[in-house]
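Me: I'm new to this structure and would like a friendly walk through it. Could we take it one question at a time?

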Amino acid sequence: MARNKIEVQKALFAFLDAHCSAAQDPVSNAGAGRWVDTSGDENLSFMTRAKLLESWSFSASRYLARYDLDGRSYFCAIGFDYLATAPSGLSTWHPSASEQIYVLSTLKPRPKASTMSIRAIVEAADATTPNYNGFPPNSIFGLFPTINFFDAPIITNDENWRVYFQLCVKDCNQNDSWIDSSLSSSLENISALGITEIPFRMLCRSVLDSDPTSMFMSLYRCLEYIFSFGPINGLITALSLNVSWDNLLKELEARSSWRSKEDKSLEELIKSADGALVLKLAKQLSVDTRNKTPEEISASAAEKIYDLRNSIVHYRPAHKDAQLAKHNWNRICEYMSDIVSDVYKKAFP
């Protein structure tokens with residue numbers, strides 16, 4: 001059902017009123033009739049008919065969202081100031097005034113402007129002002145963080161977080177992130193696989209985190225997610241079951257409290273990865289690879305990964321002196337990322 005564009009406009013200005021009021025700097029003409037000038041806008045239908053399918057907030061001023069309209073998907077990024085290129089399969093879309101109005105009124109990102117600056121604009125005129133035709137679009141949009149739009153023919157819902165992940169990585173390529181170009185390229189390769197089983201929602205937050213151990217743990221959890229994939233898939237095949245591996249695993253855990261032993265499962269998964277990739281990570285983790293077979297190197301690398309994981313997530317006396325700052329997190333995470341790509345390609349060919 002189409003929305004009333006007047007109500008959408010009201011919602012945007014009501015949000016600005018509420019923001020200033022909460023900051024103890026109320027707008028003098030709060031609640032008055034005000035709107036953004038959309039005369040000549042050929043895309044008014046977005047404001048009245050577009051459907052918000054999903055949105056995610058990374059902070060009060062950083063949002064990712066997806067809207068659909070007339071057979072196309074529109075991915076919106078708010079507060080990502082360094083997006084120079086579109087994700088693969090999408091095109092950069094230059095939003096009209098009505099599109100930006102609807103996005104701001106639905107997501108309500110925290111304004112970047114001070115309340116004094118907001119009041120200077122929204123108090124300047126309203127419906128009671130002679131010859132008032134609405135505010136110039138940029139005067140209102142400039143109060144908010146940057147809005148970027150990308151569009152494509154309708155994309156399946158399970159692709160949403162893969163696209164969001166690409167946007168996060170592309171933004172960090174240009175900002176002051178700790179992530180260097182080699183790690184960034186490796187992360188983009190994960191997205192390029194097109195494997196929707198990868199937990200991209202979790203990876204997104206780690207890309208935006210200033211703590212490198214967050215990225216390491218997200219990549220570790222990508223491996224953890226498929227610890228039991230091989231054995232469970234084998235059980236499904238052996239018993240000719242018509243069930244997905246993850247649903248069967250959920251039932252086993254719920255009904256019998258069964259779960260694979262973490263350190264041994266990690267070792268088996270690392271042994272299944274490409275030996276050259278494992279060797280690079282092993283050396284970075286200071287594994288002595290001399291006179292060791294590939295299987296022994298994989299076992300030692302898995303042990304180091306597990307020990308590093310424990311030093312991050314635990315704080316027992318054995319871990320309190322862990323020297324996490326000594327590690328080259330860009331290389332560790334890059335090689336972990338390469339291994340994640342490799343094992344997922346094999347699991348979901």
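Me: What percentage of the 349 residues in the chain is buried?

Reply: Happy to help, and please keep in mind that this is a predicted model. A residue counts as buried when its relative accessible area is under 20%. Of the 349 residues in the chain, the buried share is 48%.

Me: How much confidence does the predictor place in the chain, as a mean pLDDT?

Reply: Confidence is given for each residue on a scale from 0 to 100. In this chain, 97% of the residues reach 70 or more. The mean pLDDT of the chain is 91.

Me: Which element of the chain has the lowest mean pLDDT?

Reply: The chain has 15 helices and five strands to choose from. At the top of the ranking is helix H4, residues 115-122, with a mean pLDDT of 98. At the bottom, with a mean of 76 over residues 229-239, is helix H10.

Me: Let's zoom in on Ser98. Is Ser98 buried or exposed?

Reply: Ser98 is found in helix H3. Its relative accessible area is 0%, and the cut-off for burial is under 20%. Therefore Ser98 counts as buried.

Me: Which backbone oxygen does the side chain of Ser98 reach?

Reply: Leaving aside residues up to four places away in sequence, Ser98 touches Thr38, Asp41, Asn43, Leu44 and Met47. From the side chain of Ser98 to the backbone oxygen in question, the distance is 2.7 Å. That oxygen belongs to Asn43.

Me: How far apart in space are Ser98 and Met47, C-alpha to C-alpha?

Reply: Met47 is one of the residues that Ser98 touches. In sequence the two are 51 residues apart. In space, their C-alpha atoms are separated by 5.4 Å.

Me: Is Lys108 buried, partly exposed or exposed?

Reply: Lys108 lies in the loop between helix H3 and H4. Its phi is near 55 degrees, a positive value in a residue other than glycine. Its relative accessibility is 35%, and values between 20% and 50% fall in the middle class. So Lys108 is partly exposed.

Me: And where does Asn131 fall: is Asn131 buried or exposed?

Reply: Asn131 sits in the loop between H4 and helix H5. Although Asn131 is not a glycine, its phi is positive, at about 60 degrees. The relative accessibility of Asn131 is 74%, and the cut-off for the outer class is over 50%. Asn131 therefore counts as exposed.

Definitions and conventions:
Residues numbered from 1 in each chain as written. Predicted model: local features only at pLDDT ≥ 70, side-chain atom pairs only at ≥ 80, totals over all residues. Heavy atoms only, no water. Helix = DSSP H or I, 4+ residues; strand = E, 2+ residues; numbered from the N terminus. Buried < 20%, exposed > 50% of the residue type's maximum accessible area, 1.4 Å probe, protein only. Contact = heavy atoms within 4.5 Å. Polar contact = N/O pair within 3.5 Å; in protein donor to acceptor, adjacent residues only side chain to side chain.
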